[in-house]
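Colleague: Pick one part of this model and walk me through it closely, please. I'd like the neighbourhood as well as the part itself.

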Amino acid sequence: MSKHILLVEDNPTDEKLTLRAFARCGIANDIVVMRDGAEALDYLLRNGAHRHRDPALDPAVVLLDLGLPRLSGLDVLKALRASETTRLLPVVILTSSREEEDIIRSYSLGANAYVRKPVSFAEFAEAAKTLGMFWLLLNERAPAQRRSPLP
Amino acid sequence: MSEPSGDQAVPTAAAGPSASAIASEGDALFRALLEAAPDAKVITTADGRIILINSQTERLFGYRRAELIGQMVELLVPERLRAHHPQHRACYEADPRVRGMGSGLELYARRKDGSEFPVEISLSPLRTSSGMLVSSAIRDITDRKLTERKFRALLESAPDAMVIVDQHGTIVLVNAQTEKMFGYPRAELLGQRVESLVPRRFHGAHPGHRAAYTASPKFREMGTGLELFGLRKDGSEFPIEISLSPIETPEGLLISSAIRDITERRRAAVALAAANRELEAFSYAVAHDLRAPLRGMNGFAQILADEYADKLDADGQDCLREIQQSAERMARLIDALLGLARVARIELRPQALDLAALARSVIGELQAAEPHRIVKAVYGKQLFATADPELVRVLLQNLLQNAWKFSAKVPAAVIEIGREEHAGLPAFYVRDNGAGFDPAYADKLFAPFQRLHGAAEFPGTGIGLATVQRIVQRHGGRIWAQGSVNGGATFYFTFGDGATEHA
């Protein structure tokens, strides 16, 4: 599991649908699912239950829902951008909302993209395919923080 | 000014030594001055005998000159006040100088017919060779009193607390509402600084504000955009709104403040804001939580159709399609309702717009979505308006989409956007030559969820025209429709007075 996607989604139906949509383009196995904001943050910042996670296994992209239990999507995003280890991590907001305010706040807090979940599954599958292709195959990640060279 | 009364220009001398002395001394200039005075002039001897009057006195008191000359001046004083009058005269004789009579008192005079009227009197001593005379200038102030009474009645009947202060901030007049609102009896306020009605934390700045107002006095709100508070006698505060107006008086500028207690309005505004927040939260929940199950319905129906196609016959496949279409329709409805809510609440940012350019871009989108359609689009000239660009785009999207949709079944579809005069005012219109509508239902077109065509014939949410109407109303304009069955439809709209520019 060298390159994978972290899906942060609390709605089990949406989770299943999303996994199926990714399965259609053959990347179902490369997805880790977290079901609330606090757990996702622990995973990404390697805290709590996830403190022993291998940092080499950071996801290629986080698909982040906005309406999440405990910590909201925007709170998670804010915390990620505030941490040295995750401030450059690609985050795509994947949500039902098309509210102008949600879009503006997401970008203001440093989201890399904003995708509204379509109701039509055909469109959703297409969106999943595009997202997977782009973030797993095309996109170049920011290199891990290098140690400062010796003076 | 003067009435013809025989000998009016010539003050008549009365019998008696001093009178004849004065008559001989009085020259033409003196008499002319006496007659030219706007007030009634009565000149008496030091012991109160009338020796000279002008014609204004005759008119004011209803006596002929001959009836007054030689009489005691008390003849002109109401009977109820006569007893004390000689005493007052004696006082004046002891200290004769130019002054008003009975300053601070209300003075009354008596006509020949016994009626009384309010007067203002100023006294001046005249020293003559034959002794001191007293000249009284008497002015009828009935009109002024009446005006004052009207003013007071107006003041008392005003719904607001009225506080009138002078330039130094001393309260000179308040009404009953002021007593009630601030909890002070009137007597405790008159002569006090107006700052006693202002919370202490504003005392520092208040005199400066007053000076600024005095420098440029005009009718205006106090502290526009600021929250103002009044201070009651018991020390409690309450939110107020104040409008100021200057009153020019001979004694200098007075400032009248109309003060309104807005506690109730403030409370209502807070409740309204809370209700609006709740509504916002509700539409947000609609946007998210109602869409999620639709995604599930549509998604799993699609998965079933795709992955289990071999286990379903044509009828089964059809059922799945119905499920999917229902879900998609509901998603569109939710989006349309959210759109309607949005046009109702976003802030208007009007700017100069060319509706023809906007319409071209919308028609372009419609054509791109349905490239096979052949529609002739006609754009009028000078379609300029001042309106919110985002909302006008939504408006045109809805109207043009309708025109596009309802002209789908005619062989040579034409959509026209233009402007016409209606009742002397310019109105824009969007016209098509499509299915039209039964004019009997023209009023129902704009109600939410109201549809005049079956969904199978022309699909739609029934929210579009309600949204258009909301947009037009938010601009202070009007929308109406004309049409007939299979005779096309024309939707007229304005953006309120002045927003639709004359060509």
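Modeller: Here is a walk through one sheet and its surroundings.

This is a predicted model, so to speak with a filter on it: local features need pLDDT of at least 70 and side-chain atom pairs count only at pLDDT 80 or more, while totals for chains, interfaces and linings use all residues. Residues are numbered from 1 along each chain as its sequence is written, with chains lettered from A and ligands numbered from 1 in the order in which they are written.

The sheet sits in chain B: 5 strands, open, mixed in pairing, ordered E14-E16-E17-E19-E18. Helices (H or I, at least four residues) and strands (E, at least two) are DSSP runs, numbered from the N terminus, and two strands pair if DSSP finds at least two bridges between them. Strand E14 (375–379) and strand E18 (479–483) of chain B are the edges, each pairing on one side only. On average, neighbouring strands are turned by 20° against each other, direction ignored. E14(B) runs parallel to strand E16 (residues 413–422) of chain B over 5 bridges, and there B:Ala377 stands opposite B:Ile415.

Helix H15 (residues 389–406) of chain B packs on this sheet, touching E14, E16, E17 and E19 of chain B, and its direction makes about 35° with that of E17(B). Contact here is C-beta atoms, placed from the backbone, within 7 Å; axes are lines fitted to C-alpha atoms, for helices over the stretch in contact, and angles run from 0 to 180 degrees between N-to-C directions.

H15(B) also gives 10 residues, the largest share, to the largest nonpolar core. That core has 51 residues, and B:Leu355, B:Ala359, B:Leu395, B:Leu396, B:Leu399 and B:Leu400 have the most contacts inside it. A core is a set of buried Ala, Val, Leu, Ile, Met, Phe, Trp, Tyr and Cys residues joined through C-beta atoms within 7 Å; buried means 20 or more other C-beta atoms within 10 Å, exposed 12 or fewer, partly exposed in between, again with C-beta atoms placed from the backbone. Leaving aside neighbours within four places in sequence, B:Leu355 is in contact with B:Leu383, B:Ala385, B:Leu396, B:Ile417 and B:Phe428. A second, separate core of 35 residues includes A:Val8, A:Val76, A:Leu80 and A:Leu94.

Elsewhere in chain B, H13(B) and helix H16 (residues 464–474) pack at about 5°, axes 9 Å apart. They are therefore roughly parallel, the word used for angles under 35 degrees (over 145 is roughly antiparallel, 65 to 115 roughly perpendicular, the rest oblique).

Methods:
Contact = placed C-beta atoms within 7 Å.
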